[in-house]
Amino acid sequence: MIPFLDLKRSNEPHQEAIQAATNRVLQSGWYILGEEVSAFERSFAHYCGTRHCIGVANGLDALTLVLKAWAFEPGSEVIVPSNAYIASVLSITLAGLTPVFVEPDPATYLLDPARIDAAVTARTKAILPVHLYGRCCAMTAINAVASAYDLLVLEDAAQAHGARYSGKRAGALGHAAGWSFYPSKNLGALGDAGAITTNDDDLADRLRALRNYGSAQKYVNDYVGVNSRLDELQAAILSAKLPRLDEENHRRRALAALYLNGIRQTSLRLPPADQVDQDVWHLFVVRHPRRELFRSYLRERGIGTDVHYPIAPHHQRAYHPFAHQSLPISEQLHEEVVSLPLNPTLTDADVAYIIDTVNSMRE
Ligand SMILES: *Cc1c(COP(=O)(O)O)cnc(C)c1O
C-alpha cells in the first residue's frame with residue numbers, strides 16, 4: 001500500500017528535533033508571542049531573503065491580513081487565477097474585496113500574465129498570483145503588468161516553500177507573500193500555522209499589530225485587529241524542521257524527475273518539466289481525461305491519489321454569484337487533474353512501482 005500521504009512517516013525523520021523543541025517550549029513557561037516566534041520569524045525571513053517575516057495563525061489569515069492592511073476601498077478588485085485553491089479567493093472576499101478570475105496558462109496551470117491586462121479595471125488594486133503545486137508564477141511579467149497599472153502583488157506561497165524564480169525565493173517576488181504551514185505543506189507544523197514575508201517596513205509593523213488585536217503595545221489598540229498569532233509551540237517545531245527543508249525539496253525533485261522520465265502512459269498529461277530544479281514539487285499533478293477510471297485503477301493496485309482540486313472556485317456554491325462566468329481552461333483542469341504520491345519519505349522502489357503500474361494501464 002502506498003498512501004497518497006502519510007504525515008506520521010513524514011515527521012519521523014524530525015522526531016528528535018521536534019521533541020527537543022516541544023520540551024523547550026514546555027519548560028519556558030511562555031506560550032504565545034515569545035522568543036520561539038521571533039526566532040522562527042528571523043530564520044524564515046532569512047531563508048526567503050526578505051527583511052520581515054510575521055508569524056500568524058494560518059495561511060488564510062496571512063493572505064487576508066495583508067489585503068486588510070493595504071486598506072483598499074471596499075469593493076476594490078483583486079486579480080486571482082481562476083483555478084486557485086479556495087483559500088486564495090476567500091482571503092479576497094474576507095477582506096471585503098472582489099475577486100476577478102483570470103485563466104491560467106494551460107501549459108503551467110499558473111496565472112497567465114498575458115491575460116491580466118484585459119481584466120484590469122479602474123477598481124483593480126492588486127494581483128494575487130498563486131505558486132500552485134510548488135512552481136513560481138511568471139513573476140517578471142506579472143510584476144511588469146502590476147507596475148504598469150500601479151497594482152500591489154501578494155504572492156500566495158502556501159505551496160512553494162523554497163521554490164526559486166530568477167535567483168530569488170518565493171516570498172521575495174512581490175510586495176508581500178502569504179504562507180501556510182498546514183501539516184501537509186513542504187514545511188508543515190503539527191497543527192495550523194502561517195506567516196507573511198515582506199520587505200515593506202510599514203506593512204510589517206501594521207501586520208504585527210493586526211495579528212494581535214491591532215495592538216503594538218499591550219492594552220493600546222491602534223487598529224481593529226484580530227487574534228491570529230502563531231503559537232510558540234508551532235514556531236519551535238517549524239524552526240526544528242526548517243534546516244532540512246532544502247534537503248527534503250531536493251528529494252522531491254529527484255522523485256519528480258523519476259516520474260517525468262519514467263511515465264510513458266500516453267493517456268496522461270505530465271506536469272511541465274522545464275524547471276525541475278527551481279520548483280519544489282508540493283504536488284505532482286497529472287491530467288487524465290477519465291480521472292475516476294484512472295484513480296480506481298491505481299486504488300485497486302494499492303496506490304493512493306488525491307485531486308487538487310475537484311471544483312473550480314467559481315463553481316463552488318459559496319461563490320454562486322460567479323457561477324455564470326465562462327472559464328473553460330480552469331473548468332477542464334478541475335475535471336482532469338490527479339495528484340500522484342510525492343513526498344520526501346517515498347522510496348525509489350515506491351515510485352518505480354507507481355510508474356510501472358501507471359505504464360501498464362491499458363487506455
Ligand atoms: C494551504 C493553502 C492555503 C491556506 O492555508 P491554511 O493554512 O490552510 O489556511 C492558501 N493557499 C494555498 C494555495 C494553499 O495550498
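**Reading a ligand site and its cysteines**

Analyst: The ligand sits in the largest pocket. A pocket here is an open set of 1 Å grid points with protein on both sides within 12 Å along at least five of seven lines, and a molecule sits in one if more than half of its atoms lie within 2 Å of its grid points. Keep in mind that this is a predicted model, where local features need pLDDT of at least 70 and side-chain atom pairs count only at pLDDT 80 or more. Side-chain values use heavy atoms, without hydrogens or water, and residues are numbered from 1 along each chain.

User: Which residues are around the ligand?

Analyst: Look for a heavy atom within 4 Å of the ligand. That gives N58, G59, L60, Y85, A87, V130, D156, A158, Q159, S180 and K185.

User: How do I read polar contacts there, say for D156?

Analyst: Look for N or O pairs within 3.5 Å. D156 puts a polar side-chain atom 2.7 Å from a ligand nitrogen. Ligand oxygen atoms come up twice: one lies 2.8 Å from a polar side-chain atom of Q159, and one is 2.6 Å from a side-chain N or O of K185. The protein covers 91% of the ligand's own 380 Å² of accessible area (Shrake-Rupley method, 1.4 Å probe).

User: How many disulfides are there?

Analyst: A disulfide needs two cysteine sulfurs within 2.5 Å, and the structure has zero. For C48, the nearest cysteine sulfur is that of C53, 7.0 Å away.

User: Why is C137 unbonded?

Analyst: Because its closest cysteine sulfur, in C136, is 7.4 Å off, too far for a bond. C137 is also buried (under 20% relative accessible area), at 0%.

Methods. Buried < 20%, exposed > 50% of the residue type's maximum accessible area, 1.4 Å probe, protein only. Polar contact = N/O pair within 3.5 Å; in protein donor to acceptor, adjacent residues only side chain to side chain. 1 Å grid on protein atoms, 1.4 Å probe; cavity = no way out; pocket = protein on both sides within 12 Å on 5 of 7 lines; lining within 4 Å.
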